Number of protein chains: 4
Amino acid sequence: MTKRKIRMGMVGGGRGAFIGAVHRMAAQLDGQIELVCGAFSADPAKSRASGADLFLPGDRVYDSYAEMFAREQAIPADERMACVAIVTPNHMHVPVAKLALEHGFHVICDKPLAFTLQEARALAALVRKSGLIFALTHNYTGYPMVREAREIVRSGQLGKIRKIVAEYPQGWLASLLESTGQKQADWRTDPKRAGASCCIGDIGTHAENLAEYITGLRIESVCADLTTFVKGRKLDDDGSVLLRFTGGARGILSASQISINDENALAIRVYGEKGGIEWHQEEPNTLLLKWPDRPRQILRTGGGYGYLSAAALKATRLPAGHPEGYIEAFANLYRSFASAVALAQAGKRVPAAALDFPTVEDGVRGMAFIETVVKSAISKQKWTKMPAL
Amino acid sequence: MTKRKIRMGMVGGGRGAFIGAVHRMAAQLDGQIELVCGAFSADPAKSRASGADLFLPGDRVYDSYAEMFAREQAIPADERMACVAIVTPNHMHVPVAKLALEHGFHVICDKPLAFTLQEARALAALVRKSGLIFALTHNYTGYPMVREAREIVRSGQLGKIRKIVAEYPQGWLASLLESTGQKQADWRTDPKRAGASCCIGDIGTHAENLAEYITGLRIESVCADLTTFVKGRKLDDDGSVLLRFTGGARGILSASQISINDENALAIRVYGEKGGIEWHQEEPNTLLLKWPDRPRQILRTGGGYGYLSAAALKATRLPAGHPEGYIEAFANLYRSFASAVALAQAGKRVPAAALDFPTVEDGVRGMAFIETVVKSAISKQKWTKMPAL
Amino acid sequence: MTKRKIRMGMVGGGRGAFIGAVHRMAAQLDGQIELVCGAFSADPAKSRASGADLFLPGDRVYDSYAEMFAREQAIPADERMACVAIVTPNHMHVPVAKLALEHGFHVICDKPLAFTLQEARALAALVRKSGLIFALTHNYTGYPMVREAREIVRSGQLGKIRKIVAEYPQGWLASLLESTGQKQADWRTDPKRAGASCCIGDIGTHAENLAEYITGLRIESVCADLTTFVKGRKLDDDGSVLLRFTGGARGILSASQISINDENALAIRVYGEKGGIEWHQEEPNTLLLKWPDRPRQILRTGGGYGYLSAAALKATRLPAGHPEGYIEAFANLYRSFASAVALAQAGKRVPAAALDFPTVEDGVRGMAFIETVVKSAISKQKWTKMPAL
Amino acid sequence: MTKRKIRMGMVGGGRGAFIGAVHRMAAQLDGQIELVCGAFSADPAKSRASGADLFLPGDRVYDSYAEMFAREQAIPADERMACVAIVTPNHMHVPVAKLALEHGFHVICDKPLAFTLQEARALAALVRKSGLIFALTHNYTGYPMVREAREIVRSGQLGKIRKIVAEYPQGWLASLLESTGQKQADWRTDPKRAGASCCIGDIGTHAENLAEYITGLRIESVCADLTTFVKGRKLDDDGSVLLRFTGGARGILSASQISINDENALAIRVYGEKGGIEWHQEEPNTLLLKWPDRPRQILRTGGGYGYLSAAALKATRLPAGHPEGYIEAFANLYRSFASAVALAQAGKRVPAAALDFPTVEDGVRGMAFIETVVKSAISKQKWTKMPAL
């Protein structure tokens with residue numbers, strides 16, 4: 001019998017959306033997932049037009065996510081969607097995810113997980129109870145060299161970690177773009193849809209997640225300075241945060257949306273007692289290794305040299321020198337998600353190692369980070385502790 | 001009525017192949033093309049196993065390309081494949097393409113086009129006669145910044161072109177890899193499957209194609225030094241070629257497979273009377289512009305700044321700073337190919353502008369280049385002319 | 001009559017010293033300054049051996065700086081030293097400078113200016129009263145592209161400044177180097193010779209000075225986290241500081257001596273409402289300009305293009321592409337210092353514009369910064385104000 | 001008794017000259033050499049004005065080099081110049097050097113050595129006969145990382161050398177600059193002063209010298225394409241040369257003065273059977289090492305890591321991360337020259353190892369290269385052999 005692709009629906013991501021298109025490309029890249037249905041917009045006409053663009057039959061394009069979940073549930077098991085990608089603005093993540101889980105669908109959801117930490121915690125409880133697969137697309141963890149970095153840190157090659165510098169400068173919100181109706185800017189700067197923070201919520205959490213993903217350390221307390229530089233804007237567009245990690249490591253996390261002409265310059269440097277690493281998202285196939293007594297090394301994706309870890313190799317599709325980019329990294333999360341869903345569909349136990357993607361727990365941590373940073377920003381005390389999770 | 005995806009078959013690209021997997025990812029990235037059948041290997045068992053890996057139903061996986069073309073032709077028009085991707089070693093390109101065209105299938109074929117120039121010319125004649133779409137995957141032309149470079153040169157901003165330096169160093173064949181049974185090395189170094197040249201045929205043609213694509217100039221004569229550095233190898237693994245272009249421009253083309261630790265470092269520099277450009281495949285989202293009296297400029301993919309040409313914008317999917325790579329560039333050829341096939345399927349005239357990919361004519365030029373370089377390499381005369389085409 | 005070079009003495013900088021040799025190379029590079037005497041070490045034998053290395057006659061090499069100042073004063077005016085370079089550990093800067101000024105010698109002194117802020121203020125008062133020239137070698141301000149950056153910011157091209165990110169990672173103190181007797185590490189980590197801070201005093205002040213030099217803004221308050229990562233060390237070896245500037249700009253200043261394999265990676269990024277700049281000390285001949293709607297520009301030292309400011313051109317000696325480095329930048333301070341001393345020797349008024357180097361006032365600011373950061377580091381309050389100066 | 005500095009005279013290098021000022025900075029950087037006299041221009045008034053600029057007493061500034069040599073010879077040995085720097089246009093190198101040697105002065109001379117190969121050979125014979133020190137300022141050999149590269153190649157770490165790619169693109173002669181009276185362009189493009197070639201003579205020889213210096217290999221035959229792109233120019237402004245080395249290595253040498261906005265981008269890549277190296281003059285403190293099975297390594301000047309060779313360490317003055325540039329590299333030749341002259345002055349034998357700079361023999365090879373390339377450029381035969389030397 002022919003193996004079947006994983007059938008996926010989508011909520012959000014209609015015409016003009018950025019991240020919805022990314023999710024679709026990432027999902028389809030490896031040919032394991034098939035988009036079978038969608039509720040692409042709160043506007044039914046737009047949803048239908050978007051579905052047609054995507055070659056979907058009209059009867060699998062829905063006017064609302066609630067309708068989609070209800071009607072898909074009624075389709076025979078071997079045809080209905082098995083999972084759903086949630087690519088809406090932040091405030092809708094939890095309501096949609098909750099309903100999907102309640103209808104028995106596995107979920108892959110964009111970040112940040114929720115609108116508030118409280119909401120996030122409730123969702124996490126629901127996921128645990130449901131036994132369903134839940135992936136959160138902190139997509140930068142999908143890069144091969146991020147995985148290599150994690151292996152290097154965790155293997156102890158760098159010794160005990162002392163310092164982490166994570167930065168994420170962007171410049172696209174250096175003027176009041178939301179006043180022009182630009183869709184991406186519009187919802188990200190709107191407290192009703194984005195949540196308590198723009199800059200920290202949208203990109204600061206990526207930096208936070210990356211720092212914890214690579215080092216395995218946990219942020220213990222923060223000291224934050226948030227700023228809204230652009231007049232008329234309702235949320236922060238720049239944030240600088242001093243970090244203290246459990247175990248004694250220190251750090252700096254800097255995120256900015258007003259750093260003109262910086263594009264998507266997420267970067268991380270980690271220094272231990274024995275060595276350091278450095279990685280830049282805009283040059284993602286390179287990882288720098290730093291040693292006190294040996295020349296700096298340039299590690300590269302692609303398997304030809306024989307030095308990469310299995311974790312990095314698993315995440316690289318092409319020989320060295322054939323640039324793999326943002327979509328490929330994103331697709332690595334989808335590939336692992338699809339494998340986990342396939343196991344679940346087959347009725348097999350899904351081992352922890354198969355959850356090779358950020359989970360709802362990472363999402364809860366991200367929400368805790370956002371709330372703690374916002375709290376710190378208005379505090380006169382230097383340090384604000386992260387809540388117990 | 002629901003729009004349908006373009007249905008595609010594949011010849012070659014079974015388990016262990018590199019370029020076949022690339023073609024599939026490129027074809028599927030944008031969700032416009034559906035792989036419906038294949039003859040993935042000359043070994044029927046391997047073909048079937050490969051088809052199963054790809055979620056194809058058993059009855060659409062064939063034991064041979066001849067069988068595939070015959071049987072697909074018999075399937076109703078709205079289900080059978082419309083086009084075929086040819087991803088075999090070089091010597092099979094023409095036989096497969098010829099049969100595909102004779103059965104009325106559009107073709108997208110890996111490069112170099114043929115085994116010999118003569119064969120290439122015959123195929124070009126057949127394509128012209130057939131009225132079918134034929135694309136050749138000189139994939140580096142799919143990068144947004146290559147397209148931007150072409151627009152800049154053609155707009156005259158650089159003035160009359162004086163000098164072109166194209167280089168393509170790789171290091172993966174620095175030892176006798178073919179003796180280990182490594183599949184990629186095996187056929188590329190075998191005169192019976194690769195043709196008259198390894199290094200020039202496999203990668204030198206990419207550099208030649210890129211130089212002509214960007215500048216619109218044509219190579220008039222060459223002076224080549226080909227070398228086989230690795231003992232026991234049957235074909236060249238390094239080539240240096242002086243170039244003279246029609247109109248007076250000069251150039252250097254350097255290709256190498258023994259440049260240890262150089263990965264896939266295709267790069268091109270073009271200098272005119274008023275300015276210059278520089279592009280590196282391994283950092284593909286950047287294009288350098290050089291001026292005599294102004295600071296050097298760094299152009300970047302992604303549309304936010306407002307300075308990119310329509311041709312570049314059409315080839316970029318993500319905002320600036322979100323790296324697009326090899327697969328995305330490759331997918332740009334597939335996207336244009338799919339659009340042209342869709343027009344043809346709809347019975348519409350396919351305008352020249354829609355053939356936004358390298359064609360069979362580029363393939364003939366590539367074969368002429370290979371043969372002329374090989375001829376020059378054994379000549380004592382400095383210059384060897386390219387044949388009239 | 002033949003013009004004469006400026007005659008200079010030196011205090012400190014004996015065999016094995018780093019910065020003394022740099023000062024001598026910088027002073028001599030342009031052939032305007034002649035080293036005529038010195039008290040190179042507190043150890044008279046070492047002082048004499050060092051003087052002989054430097055081709056000085058024995059009677060101009062002194063056992064102590066006090067002896068030097070007294071005896072040089074007794075030499076006829078057209079032979080005695082006119083100025084003195086102070087290149088001792090920090091705690092000696094003020095005593096030596098004070099005595100030099102009291103003997104009528106112009107002074108060029110390494111940074112930080114003093115051991116304490118109080119001491120620095122007293123010295124500044126003495127300088128003002130003396131009417132003598134006093135230069136402080138915050139040498140990074142001597143780079144052509146730092147001067148270009150200042151011109152660009154001050155011309156208003158970037159608009160109102162919003163954010164400044166200054167960082168200075170080094171890795172050379174990642175282990176307890178001072179325990180090996182290494183001279184540089186020994187005094188820099190000793191509170192009795194270095195002062196209240198190692199990392200902030202030695203390199204953090206350079207970053208602070210650079211930020212204020214380029215932008216003209218003044219730090220208003222700081223929030224600091226200082227750490228001593230290496231066990232057994234007596235002073236900080238890492239510091240992260242949030243900054244608030246007068247007028248509303250925000251910033252981050254990061255200095256580290258435990259960032260393994262980072263060498264001397266001072267870098268600064270400045271973002272305004274209209275554009276930004278970025279400069280890296282290790283690639284000093286390049287300045288990046290960032291715009292919201294135009295390609296990023298790469299400015300380069302060397303005058304051939306016609307776009308550099310007069311201030312930058314004055315500081316560059318070679319055509320573009322001929323790397324100018326650390327010594328040349330340092331020499332730019334010496335060149336301006338020599339010109340000012342020549343004016344003063346000729347009995348002319350020295351206009352403010354001729355003081356084209358950091359002055360004693362910059363030194364006072366640096367000491368205030370060090371003390372404020374140290375104070376902030378032990379405070380539980382988020383923000384600590386800089387003192388009025 | 002006080003050690004004395006080496007006393008040096010200079011021929012050429014008057015006001016407005018580029019390379020003369022470089023020689024003076026390089027000579028003075030380390031404080032071992034003292035400029036005591038000069039004949040700075042064929043125009044006596046200009047010579048005197050230049051001497052005054054340089055703080056020289058009027059009686060040591062001469063109207064002609066012949067006068068200088070004659071009158072300096074008459075000065076007591078412990079005051080007269082010991083050596084002379086020749087920084088004139090090419091056609092004067094040999095006449096001046098010849099006369100200097102005949103008067104018993106050691107010589108340091110800019111490149112290329114001579115106007116013709118024949119002249120160069122005669123000069124070499126004279127040098128050998130004289131027993132005097134003769135240095136040729138192929139200054140790029142003075143960079144620490146070039147010396148490290150040589151050590152690496154010669155130690156056999158790269159295995160047998162297969163391929164050398166040396167390039168030297170500049171853009172400053174992309175228009176007819178000589179028509180504006182620009183002094184540098186004027187003589188370099190004048191066959192009467194520059195010799196048989198502009199581009200190959202001025203910069204191509206640097207690339208040739210660097211290739212042979214690093215690898216120890218000798219060019220056996222060349223295949224050249226020289227072009228004069230700028231209308232009205234009398235000599236070549238661009239050259240591309242295929243190289244064959246004794247022992248079987250192949251190479252490409254590309255030099256250009258019309259590559260707009262390329263500054264002084266001399267670069268070399270050397271590939272052997274076991275590894276490769278890459279060095280760029282514009283980023284001179286970095287050397288890349290390439291391996292087939294290990295990560296690429298970044299070697300850096302400055303001695304802190306413990307991995308550099310003694311030869312490289314000897315040529316580096318500063319800790320890692322403190323950029324050393326063009327002048328420092330140039331000064332390394334002067335430092336070695338001064339040491340050799342000091343030995344000779346002291347009546348000691350100067351061992352071969354002390355001649356740690358390019359010699360008259362390198363100059364003869366350079367002239368042979370220029371003449372062979374010019375000959376090849378007008379030949380219809382592919383290969384032209386280098387003459388026996």
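## Asp30(B) and its partner

Asp30(B) is partly exposed, with a relative accessible area of 23% (buried is under 20% relative accessible area, exposed over 50%, partly exposed in between, using a 1.4 Å probe and protein chains only). Its partner in a salt bridge is Arg317(B), with the closest N and O atoms 2.7 Å apart; a salt bridge here is a side-chain nitrogen of Lys or Arg within 4 Å of a carboxyl oxygen of Asp or Glu. Asp30(B) sits in the loop between helix 1 (19–28) and strand 2 (33–39) of chain B, and Arg317(B) in the loop between helix 10 (310–314) and helix 11 (326–345) of chain B, so the pair ties together parts that are 287 residues apart in sequence. Helices (H or I, at least four residues) and strands (E, at least two) are DSSP runs, numbered from the N terminus. Unlike Asp30(B), which is partly exposed, Arg317(B) counts as buried, at 15% relative accessibility.

A word on ground rules: this is a predicted model, where local features need pLDDT of at least 70 and side-chain atom pairs count only at pLDDT 80 or more, while totals for chains, interfaces and linings use all residues. Residues are numbered from 1 along each chain as its sequence is written, chains are lettered from A and ligands numbered from 1 in the order in which they are written, and side-chain values use heavy atoms, with hydrogens and water left out.

## Other salt bridges

Over all chains, the salt-bridge count comes to 120. One of them sits within chain C, where Asp63(C) and Arg48(C) meet at 2.9 Å, N to O. Asp63(C) is in the loop between helix 2 (44–53) and helix 3 (65–73) of chain C and Arg48(C) is in helix 2 of chain C, so to speak distant parts of the chain, 15 residues apart. Both ends of this bridge have some access to solvent probe: Asp63(C) counts as partly exposed at 32% relative accessibility, and Arg48(C) as partly exposed at 43%. There's also a network, in which salt bridges that share partners join Glu167(A), Arg269(A), Glu167(C) and Arg269(C).

## Where chain D meets chain B

Here 46 residues of chain D are in contact with 46 residues of chain B, contact meaning heavy atoms within 4.5 Å. The two chains bury about 3500 Å² between them, 47% of it on carbon and sulfur atoms; buried area is the accessible area (1.4 Å probe) that two parts lose on being put together, summed over both. Arg162(D), Ile260(D) and Lys382(D) supply 21% of the area that chain D buries against chain B, more than any other three residues.

The interface of chain D and chain B holds 12 salt bridges. One of them pairs Arg250(D) with Asp225(B) at 2.8 Å, N to O. Arg250(D) lies in strand 9 of chain D and Asp225(B) in strand 7 (residues 219–227) of chain B, so this pair joins two chains, and both residues are buried. Asp262(D) and Lys290(B) also meet in a salt bridge, at 2.6 Å, N to O. By class, the side of chain D that touches chain B has 17 nonpolar, 13 polar and 16 charged residues (Ala, Val, Leu, Ile, Met, Phe, Trp, Tyr, Cys and Pro count as nonpolar, Asp, Glu, Lys and Arg as charged, and the others, Gly among them, as polar).

## Chains C and A

Lay chain C on chain A and you get an RMSD of 0.0 Å, by a turn of 180° and a shift of 0.0 Å along the axis (superposed by least squares on the C-alpha atoms of residues with pLDDT of at least 70 in both copies). That is the relation of a two-fold axis. In chain C, the C-alpha nearest the axis belongs to Lys382(C), 2.0 Å from it. What's more, 100% of the interface residues of chain C are also interface residues in chain A, so the copies meet through the same surface.

Chain C and chain A bury about 3500 Å² between them. Lys382(C) turns up again here: with Arg162(C) and Ile260(C) it supplies 21% of the area that chain C buries against chain A, more than any other three residues. Among the salt bridges is that of Asp238(C) with Lys163(A), 3.0 Å from N to O.
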